[in-house]
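Dear colleague,

I am handing over the structure we spoke about, with the sequence alongside. Please look through it first, and then read the notes that follow.

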Amino acid sequence: MTELVIQNETGRLDKVVSQLMPEISRSKLQHWIRSGDVLVNGKMEKSKYDVQSGDKISLIEPDPVALDLVPQDIPLDIVYEDDDVIVVNKPQGMVVHPSPGHPDGTLVNALLFHSPLSTINGAFRPGIVHRIDKDTSGLLMVAKNDKAHQSLAAQLKAKTNVREYIALVHQPIKEESGIIKAPLGRSPRDRMKQAVVEDGRPAVTHFKVEKNYENYSLIKCQLETGRTHQIRVHMQYIGHPVVGDPLYGPRKTIKGRGQFLHAAKLGFKHPTTGEELIFEVPIPPIFKSTLDYLDKTNSI
């Protein structure tokens, strides 16, 4: 850990720290600030925080980990592919890209064996425009080249994509539909979790009830924003955590292989032709068999 005490320096947090520690890039500092690895007087602050004389800044620099990104012959469920994009149906349990805890066996390792990918997102996230959690199944769009990546990323930023999820949550929901608007950021109590926090990034989730059971509700969610763990945190926030969620759900839940959350529908404009593309995939077998069981035993 590195500790700095502000004396005469003034300005934004990221700018001041980069001046004091020029060996660290400002973009890396901004990432560390968002990740909770830079604290001001023991608290998380945003990059734009205006530092004051006497502020104590702590940097928890992650240990460097050597990773080899190796193409691996892992089966892929490819829904669509052309010269610019790949749409893949990711199975539950597969990590999207390598990290210190998951150095190989990821979706990126499989994709690299299959095709060249864009380089915009760095060495360990080639082609990855957006992510879904390890234990969430469903659709992802992947860029094969930088031009396609820029187009798809711009669509995400402009919120013109279609991203629809199916989720099974605890407790029936009285409303037919709703909108959850609650800012998200790293939990001040547990750095492994996200939470609704006052100074978090804006996050909006739309949901519609498909069917209520005695103890559960089957819903469709549409993302207006795409924050980390957004649906999982938002549903827990309103008292309806996703069934099987190991981080945000109750211990007593339906057995499965992770949370019952599936990215069922994905839509975007093709980066070259401009054609509107919409893709849908069914829920995985364990999800379907669980719903079949609830239809027989838990129906209202």
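Which residue just after helix 2 takes a positive phi? It is Gly36, with a phi of about 85 degrees. Please bear in mind throughout that this is a predicted model.

Helix 2 (26–34) itself is a good place to begin. Its buried residues are Leu29, Trp32 and Ile33, and, seen down the helix axis, they fall within an arc of 100 degrees, so they line one face of the helix. In general, an α-helix has 3.6 residues a turn, so residues three or four places apart point the same way. What covers the buried residues of helix 2 includes helix 1, strand 3, strand 4 and strand 6.

Helix 1, residues 13–20, lies across strand 1, strand 3 and strand 6 (56–59), and runs at about 75 degrees to strand 6. In helix 1 the buried residues are Leu13, Asp14, Val16, Val17 and Ser18, and they pack against strand 1, strand 2 (11–12), helix 2, strand 3, strand 5 (50–51) and strand 6.

The strands beside these helices include an open sheet of 4 strands, which has the order 1-6-3-4 and antiparallel pairing. Strand 1 (2–5) and strand 4 (43–44) stand at the edges, each with a single partner strand, so one side of each is left without a neighbour in the sheet. Strand 3 (residues 38–40) is joined to strand 4 by 2 bridges, the two running antiparallel, and Leu39 stands opposite Met44 in strand 4.

Further along the chain, strand 7 (residues 78–81) and strand 8 run antiparallel and are joined by 3 bridges, with a hairpin of 3 residues leading from strand 7 to strand 8. In this pair, Glu81 stands opposite Ile86. Strand 8 also pairs with strand 9 (residues 137–143), in the antiparallel sense and over 6 bridges, and there Asn89 stands opposite Leu139. Strand 8 (residues 85–90) is mostly covered, with 6 of its 6 residues buried: Val85, Val87 and Asn89 point one way, while Ile86, Val88 and Lys90 point the other way.

Turning to the interior, the largest nonpolar core has 28 residues, and those with the most contacts inside it are Tyr165 and Ile219. The elements that give two or more residues to this core include strand 8, helix 3 (107–114), strand 10 (162–170), strand 15 (216–223) and strand 16 (261–269). Apart from this core lies another, of 15 residues, among them Leu4, Val16, Val38 and Ile57. Leaving aside neighbours within four places in sequence, Tyr165 is in contact with residues including Ile132, Ile219, Cys221, Leu261 and His262.

His262, which lies in strand 16, deserves a closer look. Is His262 buried or exposed? At 1% relative accessibility, His262 counts as buried. Its side chain reaches the backbone oxygen of Val281 at 3.3 Å, and a polar atom of the His262 side chain lies 3.0 Å from the backbone oxygen of Pro282. Not counting residues up to four places away in sequence, His262 touches a set of residues that includes Asn89, Ser137, Glu164, Tyr165, Val281, Pro282 and Phe287.

With best wishes

How values were computed
Residues are numbered from 1 along each chain as its sequence is written. This is a predicted model: local features need pLDDT of at least 70, side-chain atom pairs count only at pLDDT 80 or more; totals for chains, interfaces and linings use all residues. Side-chain values use heavy atoms; hydrogens and water are left out. Two strands pair if DSSP finds at least two bridges between them. Contact means heavy atoms within 4.5 Å. Axes are lines fitted to C-alpha atoms, for helices over the stretch in contact, and angles run from 0 to 180 degrees between N-to-C directions. Buried means under 20% relative accessible area, exposed over 50%, partly exposed in between (1.4 Å probe, protein chains only). A nonpolar core is a set of buried Ala, Val, Leu, Ile, Met, Phe, Trp, Tyr and Cys residues joined through side-chain atoms within 4.5 Å. A polar contact is a pair of N or O atoms within 3.5 Å; within protein, one must be able to donate a hydrogen and the other to accept it, and residues adjacent in sequence count only if both atoms are side-chain atoms. The arc is that of the directions from the helix axis to the C-beta atoms.
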